Amino acid sequence: MEKYDIDKNISVFYVKAKSFPFGVGGAFTQLRSLLAEERDRKLYGISNPDGSEGIIYRAAVVEAFPGEGKQKGCKTFLIRKGAYISKYLTDWKKDESSVGRAFQELLGYPGIDPNGYCLEIYENEKDVRCLVPLAE
């Protein structure tokens with residue numbers, strides 16, 4: 001694990017998964033369909049518990065311009081700038097359960113924001129950074 005700083009707020013728009021974890025792939029498929037030929041955009045995964053709904057998962061991408069998400073019929077989310085605890089996973093698709101294990105480890109770290117969320121930053125097709133915000 002290592003500390004990781006996000007230096008500015010990041011506005012993303014998202015597609016909510018129909019269920020977690022089984023609906024995650026479908027949410028990313030739907031999100032990619034909204035991006036047309038724009039395949040080189042960095043993707044994010046955002047999840048958090050939400051009472052009776054269980055875990056809410058959002059497949060997200062940075063807005064290319066203000067209002068892009070609304071134009072595409074999507075809601076937006078603001079990834080907060082600040083300090084995070086993180087774990088970098090290489091070739092995560094070889095063992096998809098490694099993502100869940102990474103978050104279990106991160107959520108056990110002292111000083112995380114109790115009102116935070118789990119954040120995945122897909123650096124490329126093989127590597128993902130898993131993050132949880134630290135309390136300010």
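In helix 3 (97-107), the residues Ser98, Val99, Ala102, Phe103 and Leu106 are buried. They span an arc of only 140° around the axis, so they sit on the same side of helix 3. Buried here means under 20% relative accessible area, exposed means over 50%, and partly exposed lies in between (1.4 Å probe, protein chains only). The arc is taken from the directions that run from the helix axis to the C-beta atoms. Helices (H or I, at least four residues) and strands (E, at least two) are DSSP runs, numbered from the N terminus.

This is a predicted model, in which local features need pLDDT of at least 70 and side-chain atom pairs count only at pLDDT 80 or more, while totals for chains, interfaces and linings use all residues. Residues are numbered from 1 along each chain as its sequence is written, and side-chain values use heavy atoms, with hydrogens and water left out.

## Two helices and their cover

The cover over the buried residues of helix 3 includes strand 6, strand 7 and strand 8. Contact means heavy atoms within 4.5 Å.

Now take helix 1. Its buried residues include Val24, Ala27, Phe28 and Leu31. Their arc around the axis is only 95°, which places them on the same side of helix 1. The face turned away from that buried side carries Thr29 and Ser33, which are exposed. Strand 2, strand 3, strand 4 and strand 7 are among the elements that cover the buried residues of helix 1. After helix 1 comes Ala36, with a positive phi near 50°.

## The cores

A nonpolar core is a set of buried Ala, Val, Leu, Ile, Met, Phe, Trp, Tyr and Cys residues joined through side-chain atoms within 4.5 Å. The largest one has 26 residues. Phe28, Leu31 and Cys130 have the most contacts inside it. Several elements each supply at least two residues of this core, including helix 1 (24-34), helix 3 (97-107), strand 2 (10-16) and strand 4 (55-62). Strand 6 (82-89), strand 7 (118-122) and strand 8 (128-133) do so too. A second, separate core has 14 residues, among them Val12, Tyr14, Tyr44 and Leu119.

Which residues does Leu31 touch, not counting those up to four places away in sequence? They are Phe13, Val15, Leu43, Ala59, Ala60 and Val61.

## Salt bridges

A salt bridge is a side-chain nitrogen of Lys or Arg within 4 Å of a carboxyl oxygen of Asp or Glu. The whole structure has eight salt bridges. Three of them are listed here.

| Salt bridge | N to O distance |
|---|---|
| Arg41 and Glu68 | 2.7 Å |
| Asp113 and Arg80 | 2.8 Å |
| Glu105 and Lys87 | 2.7 Å |

The pair of Glu105 and Lys87 links distant parts of the chain. Glu105 is in helix 3 and Lys87 in strand 6, 18 residues apart. Glu105 is partly exposed, at 35% relative accessibility. Lys87 is partly exposed as well, at 26%.

Asp113 and Arg80 also form a salt bridge. Asp113 lies in the loop between helix 3 and strand 7, and Arg80 in the loop between strand 5 (75-79) and strand 6, so the pair ties together parts that are 33 residues apart in sequence. Asp113 counts as buried, at 18% relative accessibility. Arg80 is partly exposed, with a relative accessible area of 30%.

## Arg41 and Glu63

Arg41 is in the loop between helix 1 and strand 3 (43-49). Is this residue buried or exposed? Arg41 counts as buried, because its relative accessibility is 17%. Its salt-bridge partner Glu68 is buried too. That partner is in helix 2, 27 residues apart from Arg41. Apart from neighbours within four places in sequence, Arg41 is in contact with residues that include Phe13, Leu35, Val61 and Glu63.

Glu63 is found in the loop between strand 4 and helix 2 (68-71). Glu63 is buried but has no salt bridge. Its nearest side chain of opposite charge is Arg41, 7.7 Å away. For charge, Lys and Arg count as positive and Asp and Glu as negative; His and the chain ends are not counted.

What does the side chain of Glu63 reach at 2.9 Å? The backbone nitrogen of Gly69. Beyond neighbours within four places in sequence, the contacts of Glu63 include Ser11, Val12, Lys70 and Thr76.

Terms used
A polar contact is a pair of N or O atoms within 3.5 Å; within protein, one must be able to donate a hydrogen and the other to accept it, and residues adjacent in sequence count only if both atoms are side-chain atoms.
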